[in-house]
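Here is a walk through one model, taken a region at a time. Keep the viewer open and click along as you read.

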Amino acid sequence: MENKLEYDRTSIMSIFAYSQKLIGHTLREIVDEDTIAASSLQGQGKGGLEHMIESLFFKYPINSDPGPDFKEAGLELKGTGLKELKSGEYQIKERLVCDMIDYMKVVDETFETSLFYIKSRIMLLIFYLYKKGVNKLDLKFIYTVLWKLPEKDLLIIRHDFETIVNKIRRGEAHLLSEGDTEYLGACRKGQKGDKPRKQPFSQILAPKRAFSLKPAYMRTVLNFIKSQGSSAVCNFEIGTDHEELVSVDDLRSNSFEEIILDRFDEFLGRSYHDIAQNKGVNLSNNPKSKFALIANAIASSEKCANVNRSEEFLKAGLTMKTIRVSANGKIKEAMSFENIDYLEVAECDSWIDSRLYELFSSRFLFVIFKEQTFGAEDYILSDVFFWTMPKEDLNGAELYWNHIREVVLANKISAENWWKAKDRKKFHVRPKALKKTDLAPTPQGGYAEKFCYWFNNDYVRDIVNKRNIENEHK
DNA sequence: GCATGATCATGC
DNA sequence: GCATGATCATGC
């Protein structure tokens with residue numbers, strides 16, 4: 001008897017409609033026992049789950065073709081994990097790994113001919129609730145979404161793709177970093193013991209990497225799904241987000257970073273008072289974040305007043321920070337980040353999936369204000385640049401995170417137990433709260449003082465010095 | 001003088 | 001009411 005499918009394999013919408021039957025269920029609940037018993041799928045890893053959905057639920061013959069999973073429809077199927085917080089809220093578990101980077105082949109491709117583009121421009125995203133150690137047949141599906149990469153995102157992703165491929169063309173595949181790019185990242189793939197791969201323009205072997213949509217990007221996808229208030233979403237009708245910093249038209253002729261840096265150009269060398277007046281920033285209350293307010297006023301757009309909350313910064317996981325440099329060259333202050341979420345630290349047992357990794361591995365826009373006369377506080381806007389933490393520092397940050405996690409899990413949250421600036425380890429932990437009496441929940445069910453992540457002052461100094469040396473060589 | 005502890009204005 | 005993006009205040 002012919003195996004009749006319950007959907008039209010040539011139609012994206014039909015496949016999508018059929019996928020919605022998964023929602024709220026597990027494969028074991030939906031697929032009959034005989035089919036499961038007859039299947040030889042062992043289901044290793046996430047690829048295993050995707051194969052099981054294709055074969056057991058869609059009854060679609062798995063092929064080893066390089067193109068999209070549903071080849072007649074040109075649709076790629078992607079399973080992606082969600083984690084459920086104690087509050088019951090769903091959160092992205094990880095980046096969306098799209099396609100392995102073949103260092104030898106990708107250098108001969110354009111974005112439009114690349115497998116990444118062919119596979120990922122339209123995806124059926126199947127979100128499941130991740131549970132450690134649970135059989136893949138028993139994972140519950142939460143949302144299915146038809147995700148077409150919006151035109152504007154594609155312009156940024158195309159630029160990211162070229163940044164990655166050009167690095168490989170320069171013989172620097174071993175230096176690729178997820179922080180090089182905005183939405184599309186070259187993420188590490190495979191186990192630590194895996195054999196590195198050859199690259200075409202260097203003898204140095206490079207770790208395996210894959211094109212992936214960054215966690216920050218996936219978080220905005222998830223927020224979009226949540227905002228739709230539906231279990232099944234298709235984004236084909238969605239226009240550009242209104243909180244945009246740059247327009248599609250701008251992106252057709254310049255990269256996102258060029259556009260942002262351009263906005264600072266006319267203000268370079270001008271005093272902060274001058275810029276504040278020009279941009280209408282009110283300094284009468286002398287807010288502590290006045291330099292951040294000024295930088296924000298320069299980079300923002302009519303459609304988006306808050307740069308760090310813009311569509312593009314959120315999707316890229318970008319953060320703009322200001323640095324003040326005294327006339328004698330010293331950095332005024334260490335750099336603070338967000339409060340440590342003790343519950344997140346306890347729940348997340350993998351550095352790569354941690355909030356801190358996401359913070360420190362993503363890209364920064366540093367805005368430098370330099371004092372002209374020592375002690376006069378007569379700062380001018382002196383430099384603006386994008387920055388990514390070097391790999392060796394990110395390795396150091398893993399130790400920092402491990403230590404923070406130990407302290408949190410041991411229920412020993414207290415000033416004397418953290419890394420201090422004096423330890424000279426580039427990062428430390430310090431208080432950050434409205435009042436000392438403000439508390440945050442701990443995994444043990446109690447409350448503890450609020451602390452946050454910090455770059456040491458001397459680490460900020462190193463970043464600025466390195467940038468100055470690079471500028472001198474230009 | 002620097003590291004550490006404490007807190008402020010803003011805006012959502 | 002709280003997170004954010006910081007700087008201010010204090011004490012070693």
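Tyr103 sits in helix H5, which covers residues 103–106. This is a predicted model, so every value here is computed from predicted coordinates. Is Tyr103 buried or exposed? Tyr103 counts as buried, because 22 other C-beta atoms lie within 10 Å. Leaving aside residues up to four places away in sequence, Tyr103 touches Ile168, Ala173, Arg197, Lys198, Gln199, Pro200 and Ala206. One of these, Arg197, is 94 residues apart from Tyr103 along the chain, yet their C-alpha atoms are separated by 8.0 Å.

Arg197 takes us to a hairpin. Strand S7 (residues 197–199) pairs with strand S8 (residues 202–206) in the antiparallel sense, over 2 bridges. The hairpin that joins S7 to S8 runs through 2 residues. Which residue of S8 is the bridge partner of Arg197? That partner is Ala206, and both Arg197 and Ala206 are among the residues that Tyr103 touches.

Another antiparallel pair is made by S6 and strand S9 (residues 209–213), this time over 5 bridges. In that pairing, Leu184 has Leu213 of S9 as its bridge partner. Strand S6 itself spans residues 184–188, and 4 of its 5 residues are buried, so the rest of the structure largely encloses it.

Now for the helices, starting at the front of the chain. Helix H1 (residues 12–19) has Ile15, Phe16 and Ser19 as its buried residues. Looking down the axis of H1, you'd find these buried residues within an arc of 100 degrees, so they line one face of the helix. That fits the general rule: an α-helix has 3.6 residues a turn, so residues three or four places apart point the same way. The cover over the buried residues of H1 includes strand S4 (122–129), strand S5 (141–148) and strand S10 (232–234).

Helix H16 (residues 391–409) has 19 residues, and from its first C-alpha to its last it reaches 27 Å, close to the 27 Å expected at 1.5 Å a residue. Its buried residues are Ala397, Tyr400, Trp401, Ile404, Val407 and Val408. Why do they line one face of the helix? Seen down the axis of H16, the buried residues fall within an arc of 120 degrees, so they share one face. Helix H14 (342–347), helix H15 (355–361) and strand S15 (427–431) are among the elements covering them. Turn H16 around and the face away from its buried side carries the exposed residues Glu392, Asn395, Asn402 and Glu406.

Glu398 is also in helix H16. With 15 C-beta neighbours inside 10 Å, Glu398 is classed as partly exposed; the cut-offs are 20 or more for buried and 12 or fewer for exposed. The C-alpha atom of Glu398 is separated by 8.8 Å from that of Ile352, although the two are 46 residues apart along the chain.

Two residues stand out for their backbone angles. Lys59, in the loop between helix H4 (45–57) and strand S1 (76–84), has a positive phi of about 50 degrees although it is not a glycine. Asn411 follows H16 and lies in the loop between H16 and S15. Its phi is also positive, at about 60 degrees, and Asn411 is not a glycine either. Lys59 counts as partly exposed because it has 15 C-beta neighbours inside 10 Å, and Asn411 is partly exposed with 15 such neighbours.

That leaves the DNA. Around DNA strand B there are 21 residues, the closest being Asn285, Ala415, Lys420, Ala421 and Lys422. S15 gives the largest share of this surface, 3 residues. DNA strand C has 15 residues around it, and Lys288, Ala292, Asn308, Ser336 and Glu338 come nearest. Helix H12 (290–299), strand S11 (319–325) and strand S12 (335–339) each give two or more residues to the surface near DNA strand C. Here is how the two surfaces divide by residue class:

| Surface near | Nonpolar | Polar | Charged |
|---|---|---|---|
| DNA strand B | 8 residues | 6 residues | 7 residues |
| DNA strand C | 3 residues | 5 residues | 7 residues |

Note on methods:
Residues are numbered from 1 along each chain as its sequence is written. Chains are lettered from A and ligands numbered from 1 in the order in which they are written. This is a predicted model: local features need pLDDT of at least 70, side-chain atom pairs count only at pLDDT 80 or more; totals for chains, interfaces and linings use all residues. Two strands pair if DSSP finds at least two bridges between them. Helices (H or I, at least four residues) and strands (E, at least two) are DSSP runs, numbered from the N terminus. The expected span of a helix is 1.5 Å times one less than its number of residues. The arc is that of the directions from the helix axis to the C-beta atoms. Two residues are in contact if their C-beta atoms, placed from the backbone, lie within 7 Å. A residue is near a molecule or strand if its C-beta atom, placed from the backbone, lies within 6 Å of it. Ala, Val, Leu, Ile, Met, Phe, Trp, Tyr, Cys and Pro count as nonpolar, Asp, Glu, Lys and Arg as charged, and the others, Gly among them, as polar.
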